[in-house]
Amino acid sequence: MSVKKLKDQVCVVGIGWTPFGELFLQSYEDLVAEAAHAAMRDAGVSQRQIDAAWLGTAFPDAGVYKGRAGMDLAEPLGLFDIPVTRVSNYCATAAETVRGAVNSLLAGESNVALALGVEKLRDRSPQDSIVKMMVEMGHPFYQKGFTAAGTFAMYASRHFEKYGVTREDLARISVKNHAHACLNPKAHYRREITLEQALGSPMVADPLTLMDSCPTTDGAAAVILVRTEDAKNFSGIPVYLKGLGLSVSTGWDLPFFDESYDLLSFEAAKVAARKAYQEADIDEPAQQIDLAEVHDCFSIVELLTYEDLGFCKPGNAKDLVGSGATRRDGHIPVNVSGGLLSCGHPVGATGIRMVCEVCEHLRGSAGDRQIPEARIGLTHNIGGPGAVAAVTVLGKEKS
Amino acid sequence: MSSDCGIHGWGFAIPRRRLSNQAVQEAWNRPGFPGSRAVTGPDEDSLTLGMQAALQVIADTDESKIEGLIFASTTSVFAEKSCAVLLGTALGLTNQTRCIDVGGSLRAGSIALETACDLVTGGSCRSVLVIAADQRFSQPGSPDEFLFGHAGVALLVGRKEGATAQILAHCQHASSQFDTWRTIDSRFPRASDQRFARQGAYAQPMQDVLTRILKTTGWQISDVDKIVPYSPDVKSASRLLKKNGFDLKRQYCDLASPQLGLTGAAHLLVMLCAAIEKSARGERILALGYGDGASACALQMDADCESSFFKMALKQGYDIPYNRFLALHDLLASDDVSDGGFTSEIMEERNKPLWLSLAAKRCRSCGAVIALPLPGCPHCQEPTELQEFFLSRTGTVFSVTHEHYYPTPEPPLGMATVNLDGGGRLTLQVADENKPLQVGDRVELVWRRLHKAGCRPNYFWKCRALAKLEK
C-alpha cells in the first residue's frame, strides 16, 4: 500500500509563542499556559474543543523534571480527560509533536489537536544546563569531553578542510541572523553585531565562537491543528501543511566511531527534506521556497543545511552566504526570525516557534520583518547531533 | 597445581576491641544483622597485627629453617618500604631470607600461601612464613559498614613431612572487574552494584576454581569435610555451596566472619587456621579465596590438632562504643574524590573489550568496522555476523576541535575524530597537547585516565601527536 500524502489535508489555525529569553519570573507551567492560550485565542477555540494534545520537552532533567510526561501539559491548563502525550526526539522534539497531532487528525482520532513545545533551561545557569548534562550524564567514555558545540565543531573542521569554508563564512551567518532578530520583538537577543565582533567573540569549540552558538533560553510555542475541511469553523487564518518529513538516520555515537561518515552533511536532513518535498511537490527548493527557518543551533549547521536542503550544491554553501541570498532581502531568506542564534533555543519549543514564524509570513502578519508575497515556507530541525531531522513545508494556499 | 608441602604452625592476631553491629545500627537507626567486628586500637595497624601473629608461630619453631617470608595486606603501612623485610629483621631471620610483599588484592593472603607452596615444593626454601594482616575501614553510615573487621594471621609452610595439614593442590583464576576497590588516595574501599559484583566477579571465578580443584584432587563434593569459602556478604558463599550440592550444616566452616567481620587479605587464612584447629587427622579441607578472581587450596589433616589459639583469641574481646571507634581512627572525614559525573562498573564490564584491549567489531558482510558496542551492523539491513577486530594504535586526525567550556585541568580540552590505520574510527580526548592538533596530523593512542567518577579512576583511550624520528 502506498503511503498517503499529507498534502493540504491538515492546516494550522492557531499559533502562539511566548517571548524567548531568560524568563526568570516564569515557570514551566506559566510558559505552557501562555503559549497554549495564545494559540487557542488565535484559532478561536475554547479549551473544551481540544480533543488530543502533544507536549514536546527534550530535557526534563535540565530543570525540575517537568516535561517527562503529558501530564505536565494537562495540569497547568486543566486540560484533563483527553489523551496528552509527551514526545522527545532531541532537537526534532517540537516537530514530533506536530507529527503526532497531524497523524491523529488524519486517523480521525481527534478533530482539534494541540501541539505544544516548551523548555525551561534557565532555572540553572547556562553552564549547568546542557553543558553540564554532557559532563555529568553522558557515557563514561564514549564522546566524553564533548559539549554540543564540540560535536558540531567536528563538522565545521571538515568543511574547512574539504570546501575551504572559513571562520568569516560562519561569522556572516551569525551577523545576518542577529540583524534579522532586531525586527523580532520576541527574540532573546535583538542586537546587531559586526563581523569583527563575531570573529572576536570567545572561542567555544574551535572553530565555533560564542557568536556561532545559540544561547541558553526559555520559551514555549504552540499550534492548533485541524483537518482542512474543518478550517472554516475557526477564526485563525489557516496555513496548510504541505509536507512533513522526519528521519532518524544515524545514532548519537555512530558518525564519530565509524569511518564511513564524512561529517559534511546530515543524512537525516536530506531524507526528511526529500519526503517533505515530495509531498509538497517541491522540485527546486531554492526557487519555490519563499522563506526558511532552519536549525542554526551553531552557525555551521545553517551553512551545511543549505546543502542538505538543496538550496545549493555540496561545497557551495559558503558562496550562498557570501552572495547575501539568504538575507531577508535575498532570494531565499533564511531565519528571518533571527534563528536559534538570536531567538535562542528552548529545545522542545524551537520547531513550533519556527512553524509560528512561517505562518506569520504566510498570513502576512509578520510586521516589520514580513517577507513580501510569501507563499511557501519551510522549517527544519536537526538534533542528536545530526541523527534526527524534521522538515515541514507550509503553504499559504491549497494547491 | 599439586604441592609437596604442608602447614606446620600458625598464629592469630585478633584485636581485642570489638564493635557490635548493634551499636552501629542504633547510631544510624537502621536494620542490620547480629554479630560484631574485631577492630584495632589507636596503636595497632596491619604491621603490628602481622608481627603479633608471626611471633606466635615463631615461638615454637626452629627459625633457621625459615628461608622465606611473605607479607600480604591491602593496607600496608608503607607505600614505599618493605614490611616483609622489616618483619623478617624483627623476627631475627637471616638476611638471606627471601622477603616478598604482596598487596593490591583481597586475595593477597591466598596468593601468599600459594607462592609459599611453590617456593617450598620447588626447593627454593625449606620453609616460608606467610603473614597476612589487614585493617580496612568503611565509610561511617555506608551499607558495608557492618562488614569489615581487622586481624592478622601467620602460617608456617614447610615440607609435608611432619606437617599438621598437608597442602595437596591449589589453583587460581585471575580476572579483573570493578567489584570492589580502593584507590591509593582514599581510605575507604568502594563497591559496585552488589548483585552485579556477586554474579560476575564472585560466582564465576569461585565456581571455576572449585571445579578445577575437585578435578585435580579427584575429590567428590561429599569427600570434603570442611569447606572454607571467603564470602563478601552473608549469602554469596552459601549460595555457591548449595548450588554445588554441599551440605551446609556439615561442611560449611566459617568460624571467623560473624565475630570478626571480614578481615581483608587475612580473612581466608584466618578462617583456614581456625578450621584446622577444629579438625582431626585425615579430614579434608577446601579453602576458596576471592578477590580479582579466585583461588582454591585443598588440604588434608596429617595429625589431630591440639591447639586452640583461635578460641582463646576470641575470648579476649571487649566492646567499645561506636563514637570512640570513630574518633580513634578519625573516620568522619569524607574521602570522596569523585569527579566527571556518571559512571557504571556494569557498563564498563560490557565495554571491556574496547576500553581495555581496543577490540572493535567488523561486519562479515559489508566489512564496516564499528567501534561501538552495537549488536549488529548498522549498515546492513539484515542481521549480520560481527567478528572481533582489533584496532591499531596509530591513525590520522579526521576532524578536531578544542572544548573551551568542558571542565578539564588544562583547558581547552582537545577532542579528535581519528581514522585508525587499518580501519576503524574513534573520537577521543587529546593528551599531551603541546601544540593544537590539526586535521591530517598523525596520532597514536594512549591509555589514560578520563575522570574519577565513582571514586575511582576511569580509564579510556586518548590520542596524542605521534612521535616522529628526525632524519
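**Exercise 1. Cysteines without partners**

Work out whether Cys297(A) is buried or exposed, and how many disulfides the structure holds.

Solution. Keep in mind that this is a predicted model.
- Step 1: Start with accessibility. Cys297(A) has a relative accessible area of 4%, and the cut-off for buried is under 20%, so Cys297(A) counts as buried.
- Step 2: Now count the bonds. Over all chains, the structure holds zero disulfides.
- Step 3: Check the distance for Cys297(A). The nearest cysteine sulfur belongs to Cys214(A) and sits 5.9 Å away. A disulfide needs the two sulfurs within 2.5 Å, so Cys297(A) is in no disulfide.
- Step 4: Try the same with Cys273(B). Its closest cysteine sulfur, in Cys305(B), is 9.5 Å off, which is too far for a bond. Cys273(B) is buried too, at 0% relative accessibility.

**Exercise 2. Around a tryptophan**

Find where Trp10(B) lies and which side chain its own side chain makes a polar contact with.

Solution.
- Step 1: Place the residue. Trp10(B) is part of strand 1 of chain B, which covers residues 2-13.
- Step 2: Look at its accessibility. With a relative accessible area of 6%, Trp10(B) is buried.
- Step 3: List some neighbours. Leaving aside residues within four places in sequence, Trp10(B) is in contact with several residues, including Val57(B), Leu155(B), Cys273(B), Cys305(B) and Phe309(B).
- Step 4: Pick out the polar contact. The side chain of Trp10(B) pairs with that of Glu277(B), at 2.8 Å.
- Step 5: Compare chain and space. Ala54(B) is 44 residues away from Trp10(B) along the chain, yet their C-alpha atoms are separated by 8.0 Å.

**Exercise 3. Where two chains meet**

Describe the interface: how many residues of chain B are in contact with chain A, and which strand of chain B gives the most to that side?

Solution.
- Step 1: Count both sides. 43 residues of chain B touch 40 residues of chain A.
- Step 2: Give the area. About 3,400 Å² is buried between the chains, and carbon and sulfur atoms give 59% of that. On chain B, Tyr405(B), Tyr406(B) and Arg425(B) lose the most area to chain A, together 21% of what that side buries.
- Step 3: Look for specific links. The rule finds zero salt bridges across this interface, while 19 residue pairs are in polar contact.
- Step 4: Find the elements. Among those supplying at least two residues each are helix 12, helix 13 and strand 21 of chain B. Strand 18 of chain B gives the most, with six residues.
- Step 5: Sort the residues. The chain B side divides into 23 nonpolar, 17 polar and three charged.

**Exercise 4. Unusual backbone spots**

Say which residues are joined by a cis peptide bond in chain B, and where Asp81(A) is found.

Solution.
- Step 1: Begin with the cis bonds. Pro411(B) and Pro412(B) are joined by one, with omega about -5 degrees; Pro412(B) is in the loop between strand 18 and strand 19 of chain B. In chain A, the bond from Asp206(A) to Pro207(A) is cis as well, omega being near 5 degrees.
- Step 2: Turn to phi. Asp81(A) isn't a glycine, but its phi is positive, about 70 degrees. You'll find Asp81(A) in the loop between helix 2 and strand 3 of chain A.
- Step 3: Add another case. Cys455(B), again not a glycine, has a positive phi of about 60 degrees.
- Step 4: Contrast their surroundings. Asp81(A) is exposed, at 80% relative accessible area, whereas Cys455(B) is buried, at 5%.

Key: Residues numbered from 1 in each chain as written. Chains lettered and ligands numbered in written order. Heavy atoms only, no water. Contact = heavy atoms within 4.5 Å. Buried area = accessible area lost by both parts, 1.4 Å probe. Salt bridge = Lys/Arg side-chain N within 4 Å of Asp/Glu carboxyl O. Polar contact = N/O pair within 3.5 Å; in protein donor to acceptor, adjacent residues only side chain to side chain. Helix = DSSP H or I, 4+ residues; strand = E, 2+ residues; numbered from the N terminus. Nonpolar A, V, L, I, M, F, W, Y, C, P; charged D, E, K, R; others polar. Buried < 20%, exposed > 50% of the residue type's maximum accessible area, 1.4 Å probe, protein only.
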